[in-house]
Amino acid sequence: MWHLNKLHRRVLLQSLAVFPVAAVGASQKPLPPDDDRAVWNGVYTHDTTSLAPYPNRFLAEVVQGRKPGRALDVGMGQGRNSLFLARLGWEVTGVDIADKAVKLAQEEAARLGLKVHCVCADIAAFDIGKAQWDLIVGVYMGRLILFQAGVLTQGLTSGGLLVVEHYRRDVGRVSLSGGQLGYPVNALLETFVPSLRIVRYEEVLDFPDWGDQGERAPLVRMEARKG
């Protein structure tokens with residue numbers, strides 16, 4: 001089991017609540033991109049025990065046996081999911097605002113002899129394009145996925161998949177704005193239906209990728225297909 005001390009837990013909870021866009025209906029101002037980058041760089045370079053080193057398990061289930069194509073990893077961090085997909089033969093582009101995390105991902109890809117296109121950018125400003133991706137991964141990216149729903153949907157190819165996992169709102173954690181962290185019940189469904197067809201949707205109590213790996217938390221998972 002992994003455990004966070006009080007400092008690490010505070011930094012983690014703050015970082016999970018900070019995105020380059022404001023929450024729907026919220027009055028707080030988002031952090032400037034440079035401040036956002038500093039927060040995430042701190043998480044990825046100083047708090048090495050808060051994030052699972054293995055790929056997201058839900059993502060692994062979804063892609064099992066699926067023919068590789070072009071994949072976009074939104075918020076790649078240190079590259080755990082991007083590298084996993086690259087090993088399976090996917091042509092992967094990973095995007096993250098944290099330049100130090102992206103550098104770590106690049107170094108690990110080089111060490112393993114894997115090809116991953118790593119981009120340091122604010123995903124809200126990144127050109128996802130139209131019908132470019134057979135798979136878009138958005139795990140633990142919070143409200144950003146809701147705000148970028150139209151862009152993400154537009155970026156999928158016909159038959160392309162969107163894979164999302166994050167905390168459910170009743171996780172009981174507080175964001176910097178004072179609101180609760182996590183998706184409200186059915187928020188993903190209300191955002192992506194009918195633009196995407198839901199293949200799998202669940203709100204469960206399971207082990208998250210962040211924090212104490214031996215403690216279950218309320219999670220939301222969605223696999224959705226375009227067309």
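How many disulfides does a search of the whole structure find? The answer is 0. Bear in mind that this is a predicted model. A few notes from my read-through follow.

1. Cysteines. Since the disulfide count is 0, I had a look at how two of the cysteines sit. C118 is buried, at a relative accessible area of 12%, whereas C120 comes out as partly exposed, at 39%. The cut-off for buried is under 20% relative accessible area, with exposed starting over 50%, so C120 at 39% lands in between.

2. The largest nonpolar core. This one has 35 residues, and the members touching the most others are L59, L85, V116, L135 and W210. Helices and strands both feed into it: α2 (33–46), α3 (57–63), α4 (80–87) and α5 (99–112) each give two or more residues, and so do β3 (116–120), β4 (133–139), β5 (156–167) and β7 (217–225).

3. The other core. There's a second, separate core too, with 26 residues. Among them are A121, I123, I136 and L156.

4. V116 up close. Ignoring residues up to four places away in sequence, V116 touches M76, S82, L83, A86, V92 and A109. It's worth clicking through these with V116 in view, as V116 is one of the core residues that touch the most other members.

5. T93. This threonine is in strand β2 (residues 91–96). T93 has 8% relative accessibility, so it counts as buried. Leaving out neighbours within four places in sequence, T93 has contacts with A71, L72 and D73, with H117 and V119, and with F126 and W133.

Terms used: Residues are numbered from 1 along each chain as its sequence is written. This is a predicted model: local features need pLDDT of at least 70, side-chain atom pairs count only at pLDDT 80 or more; totals for chains, interfaces and linings use all residues. Side-chain values use heavy atoms; hydrogens and water are left out. Helices (H or I, at least four residues) and strands (E, at least two) are DSSP runs, numbered from the N terminus. Buried means under 20% relative accessible area, exposed over 50%, partly exposed in between (1.4 Å probe, protein chains only). Contact means heavy atoms within 4.5 Å. A nonpolar core is a set of buried Ala, Val, Leu, Ile, Met, Phe, Trp, Tyr and Cys residues joined through side-chain atoms within 4.5 Å. A disulfide is a pair of cysteine sulfur atoms within 2.5 Å.
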